[in-house]
Amino acid sequence: MSNFKLDVVIHGDSEEAAASSPNRKVTVSETRNIQNQGYTGLTDRLFRGSRAAVGGNFKLPVEGDEKREHGPAVKSGPLISGTAYCISSCSMTLLNKVVLSTYNFNAGISLMFYQNLISTLVVAVFGFFGAVSVEKLNWKLIKLWIPVNLIFIGMLVSGMYSLKYINIAMVTILKNMTNILTAVGELYMFRKRQNQKVWTAMFLMIISAVSGSITDLSFDTKGYAWQIVNCILTASYSLTLRRVMDKAKQATRSGSLNEVSMVLLNNLLSLPFAMFLILIFDEWRYVMNTGVIELPMFWVAATASGFLGLAISFTSMWFLQQTGPTTYSLVGSLNKIPISLAGLVLFNVPLSVPNMFSILFGLFAGIFFARAKMS
């Protein structure tokens, strides 16, 4: 959940072009949205001052459109939202590493279930009291979303197991491979071509990943296998979500699907699938018999990671709306630096000079990739 880039939701929005037509008739769906325009909730307060919202939804800025009104509150918005996003993202990664490695907790699916349960309950409570706008679920929408959700579950579980066996710095570098898989997928699925700088950045990422794995003193075959699976599933998630998005909007009563509703869909639908996997892999027996669940601090860390998972969803939306996808992408790449350094220091990772160079080279490649995408 923490590594998914929300800029995928801004692509392929054909409704925007249709709305610009001066002679077009207003549809029943749009009439409902206009009637709901007076709704003000938690997300309205978060995004007030620079949103163009209808019925609780907000319009994300497109590439190059990052102009904002002048004023002290508006100028501080990107800084505050960006800081909140970076803190929640770094904290989530570190806490997951603590729960899985420091406490030697060998039930990644159970941890995912607990985190998603927390996110579901929080969003449901906010929606019940009218603090956020949540789309009413129906069977047609659920059927459309199930393939996305299955990939989402695999992405979270594989990410947790890779984090258990590999140090945070190497996980961060290997995650760059997701960008390559996504770009290739976009080329074949959406005929979206990348410029020469982007392909150069991808080549640098491959070099950093290969050299980093060769020089990794704490190399773990099982962990690297999980990370490869995670990269494939993460790329598949963003590509599949992009395809399902428009169909999902048509399956709702309002004709739209805001980000809060997507957070609820992903987390709520994951719960029965996670319970099924827990039974299949006999994790419930391990959880009931392991002594780590008797430690209060374990539950503090696990619960905090659940709240942080939800915080990442909201802060990333907030930051993306305050700035734009270009700045969001660049900050996401820069955010890997403190995560990697903190992981190396806090978990006493054995390092060699070549491995450190590979890590730094990979971080540079990630930043170069973000800059190339902006050009």
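Colleague: Which residues is Ile109 in contact with, leaving aside its neighbours within four places in sequence?
Modeller: This is a predicted model, so local features are read only where pLDDT is at least 70. Contact here means heavy atoms within 4.5 Å. Leaving aside neighbours within four places in sequence, Ile109 is in contact with Val157, Tyr161, Ala274, Leu277, Ile278, Phe281 and Glu283.

Colleague: Which helix gives the most residues to the largest nonpolar core?
Modeller: That core has 36 residues, and Ile109 and Trp145 are among those with the most contacts inside it. The elements that give two or more residues to the core include helix 5 (108–128), helix 6 (139–165) and helix 11 (259–280). The most, twelve residues, come from helix 6.

Colleague: How many residues are in the other core, which lies apart from the largest one?
Modeller: Ile166, Val171, Ile173 and Ile339 are among the members of this other core. One of them, Ile339, is a buried residue of helix 15. The other core has 17 residues.

Colleague: How many helices and how many strands does the chain have?
Modeller: The chain has 375 residues, and 49% of them are buried. Of the contacts between residues at least 6 apart in sequence, 86% join residues at least 24 apart. The secondary structure comes to 16 helices and zero strands.

Colleague: What span should helix 9 have, given its 19 residues?
Modeller: Helix 9 covers residues 196–214. The expected span is 1.5 Å times one less than the number of residues. The end C-alpha atoms are 27 Å apart, which agrees with the expected value of 27 Å.

Colleague: Within what arc do the buried residues of helix 9 fall?
Modeller: Among the buried residues of helix 9 are Val198, Ala201, Met202, Leu204, Met205 and Ser208. An α-helix has 3.6 residues a turn, so residues three or four places apart point the same way. On the other side of helix 9, Gln196, Phe203 and Ile214 are exposed. The buried residues of helix 9 line one face because, seen down the axis, they fall within an arc of 160°.

Colleague: How far apart in space are Phe364 and Ala201, C-alpha to C-alpha?
Modeller: Phe364 lies in helix 16 (residues 353–374), while Ala201 is a buried residue of helix 9. Phe364 is partly exposed, with a relative accessible area of 47%. In sequence Phe364 and Ala201 are 163 residues apart, but C-alpha to C-alpha the distance is 9.2 Å.

Colleague: Which exposed residues does helix 15 carry on the face turned away from its buried side?
Modeller: The buried residues of helix 15 (residues 336–346) are Lys336, Ile339, Ser340, Gly343 and Leu344. They cover an arc of only 130° around the axis, so they are on the same side of helix 15. The face turned away from that side carries Val345 and Leu346.

Colleague: Which residue just after helix 15 takes a positive phi?
Modeller: Helix 15 covers residues 336–346. Just after helix 15, a positive phi of about 50° is taken by Asn348.

Colleague: What is the distance between the closest N and O atoms in the salt bridge of Asp282?
Modeller: A search of the whole structure finds one salt bridge. Asp282 is partly exposed, with a relative accessible area of 32%, and Arg285 is partly exposed at 41%. The cut-off for a salt bridge is 4 Å. In the bridge between Asp282 and Arg285, the closest N and O atoms are apart by 3.1 Å.

Notes. Residues numbered from 1 in each chain as written. Predicted model: local features only at pLDDT ≥ 70, side-chain atom pairs only at ≥ 80, totals over all residues. Heavy atoms only, no water. Core = buried A, V, L, I, M, F, W, Y, C linked by side-chain atoms within 4.5 Å. Buried < 20%, exposed > 50% of the residue type's maximum accessible area, 1.4 Å probe, protein only. Helix = DSSP H or I, 4+ residues; strand = E, 2+ residues; numbered from the N terminus. Arc of directions from axis to C-beta. Salt bridge = Lys/Arg side-chain N within 4 Å of Asp/Glu carboxyl O.
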